[in-house]
Amino acid sequence: MSARPRTTSRRARLAAAAAITAAGLATTALTVAPASAADKFSVQYRTSASGATADQSEPWLQVTNTGSGTVALNRITLRYYFKSDGPSTTYRFACSWAVKGCGNITGTFGTLANPTATADRYLEIGFTAGAGSLAPGQSTGDMQLRFYRSDWQTLTQSDDYSFSGTQTGYADWQKVTLQEDGALIWGTAPAGNNPSPSASSSSSPSPSPSGSTSTPPVDPNAPVLFDDFSYNTSSDAAVQQHGWTVKSGQGGPGVSGATWSPADVTFPTVGGSKVLNLRLTTDGTASGTKETEIQTTARKFKNGTYAARVKFADAPNSGPDGDHINQTFFAFTPLNAPMDPNYSEQDFEYLPNGGWGEQSNIMYETTWETYNPDPWNAVNTHGEQRQSFDGWHLLQFTIDNSNVTYYIDGQVVATHGEPYLPETPQFIDFNHWLIDLAGQYSTTPRSYDQQVDYVYFVKDQVLSPAQVAGNVAALRSAGTAFKDTVPGS
């Protein structure tokens, strides 16, 4: 795509998110006891959107266990009370970032039985089993939550019961309630509206569990794209014939004035077979920076399994290290207008030298719903791992009607549900680009390589990493270097 602005706001680049808990933990049976007199909690609140009106309300919360016993978080719910902008106005929930992982936090909306001047709705926050437990003295840590009108119109929050525009740092807040097994433990609800297990709940759905049955069983005849990049040069006719476009010229993302260089998209032989090599070169200036990108020509990929074997590089081939480079594998639908509801994107982005305020290597899995470039307003969520990924790695993400699930080397690292699922068919893309010129000021030329062994997609099927590996091995054993049976959109 021509430009891919990134989230540089505080909500998307703070301390490390915990990796999504392994699936086995999520299915472990928990013995649920009634709330004990020893179970006590405090709830702290702050907001990062303090205006009387806002594009979205941003109640950030954290819960601390102040009691003497360990409590599973899936027994806990929180309620944030607000006044709707009208009886027919609907809202959508999102989690920008959380120590416990956004995939382990749910949000649903309900209607109060006894409306007041400052509240007729509530946002109820819950936790999955994957969020784990809180031992005495432990906190959930930061939960950067938000909600917005489904029609994307500006909302009024100055008349909301639980809102305080002056509370921009965490402090105890009695206007958010906490319930354990339905019993009120903390806070004060609007008059006449104490939470109860039977309270009505409606409106926006929460993310469905990853074990959704909405995706059909694995079909051995499902449409497939497979390419092991057995080309000679980026100008080979077969590259275009096989449905790839190599980017040239100038334009985003990255440093303004840099050039996209088809000549630096090459196919060297590594370990006896060819790979795709995306080289980024720079001398610390925009005019001396060359970036690379290859993208499918057709937009025809939506639900299904996406996988690639990718080699990341922490250091340049020669010259000084430290540039803020971005090495990627992703799928996307272009943004046709600000807050385009049909825009979508699912990214693996590896920053070996940091960037966007980070000081060292970090991997992001970012799932986008939409954004407004000016004024900047990003609707996305992400997972992250703060470690080196130098070398070869198996990257995979699956999309069904409930979740986008990301894997690295066979392990789940992030799961994102609604409202981030794609609405329309997408492109598949790899690119290698320079975020800014602030990482390394040397004028000595240097180059970095990102390599791709293969890319694999199977339509409408959610495959395990082991199934992907088996299918790719079978294609290679059969001598298949390229296959594309995915119908056009």
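Let me start with Pro253, which sits in the loop between strand S16, residues 244-246, and strand S17, residues 259-260, and please keep in mind throughout that what we have here is a predicted model. The peptide bond joining Gly252 to Pro253 is cis, with an omega of about 5 degrees. A second loop, the one between strand S30 (411-416) and S31, holds Pro419, and there again a cis peptide bond, with omega at about 10 degrees, joins Glu418 and Pro419. I point these out because most peptide bonds are trans, just as most residues other than glycine have a negative phi.

That brings me to two aspartates and their backbone angles. Asp181 is not a glycine, and yet its phi is positive, at about 50 degrees; you will find Asp181 in the loop that runs between strand S13 (176-180) and strand S14 (183-186). Asp460, also not a glycine, has a positive phi of about 60 degrees, and its place is the loop between S32 and H3. Are these residues buried or exposed? Asp181 has a relative accessible area of 31%, so it counts as partly exposed, and Asp460, with 32%, is likewise partly exposed.

Since Asp460 lies between S32 and H3, let me turn to the second largest pocket, whose volume is about 180 Å³. It is lined by 14 residues, and those closest to its centre are Pro220, Ala222, Val224, Tyr456 and Asn471. Which elements give two or more residues to this lining? They are S32 and helix H3, the latter spanning residues 465-477. In character, the lining divides into eight nonpolar residues, four polar and two charged.

Just ahead of S32 there is a serine that I would like you to look at, namely Ser442, in the loop between strand S31 (427-434) and strand S32 (446-459). A polar atom of the Ser442 side chain lies 3.0 Å from the backbone nitrogen of Thr444. If we leave aside the neighbours within four places in sequence, Ser442 is in contact with Asp283, Gly284 and Pro320.

Finally, another serine, Ser96, belongs to strand S6, which covers residues 91-98. Ser96 has a relative accessibility of 3%, and because the cut-off for buried is under 20%, Ser96 counts as buried. Which side chain does the side chain of Ser96 meet in a polar contact? The partner is the side chain of Arg146, at 2.6 Å.

Technical notes
Residues numbered from 1 in each chain as written. Predicted model: local features only at pLDDT ≥ 70, side-chain atom pairs only at ≥ 80, totals over all residues. Heavy atoms only, no water. Helix = DSSP H or I, 4+ residues; strand = E, 2+ residues; numbered from the N terminus. Polar contact = N/O pair within 3.5 Å; in protein donor to acceptor, adjacent residues only side chain to side chain. Contact = heavy atoms within 4.5 Å. Buried < 20%, exposed > 50% of the residue type's maximum accessible area, 1.4 Å probe, protein only. 1 Å grid on protein atoms, 1.4 Å probe; cavity = no way out; pocket = protein on both sides within 12 Å on 5 of 7 lines; lining within 4 Å. Points joined across faces, edges and corners; volume = space filled by probe spheres on them. Nonpolar A, V, L, I, M, F, W, Y, C, P; charged D, E, K, R; others polar.
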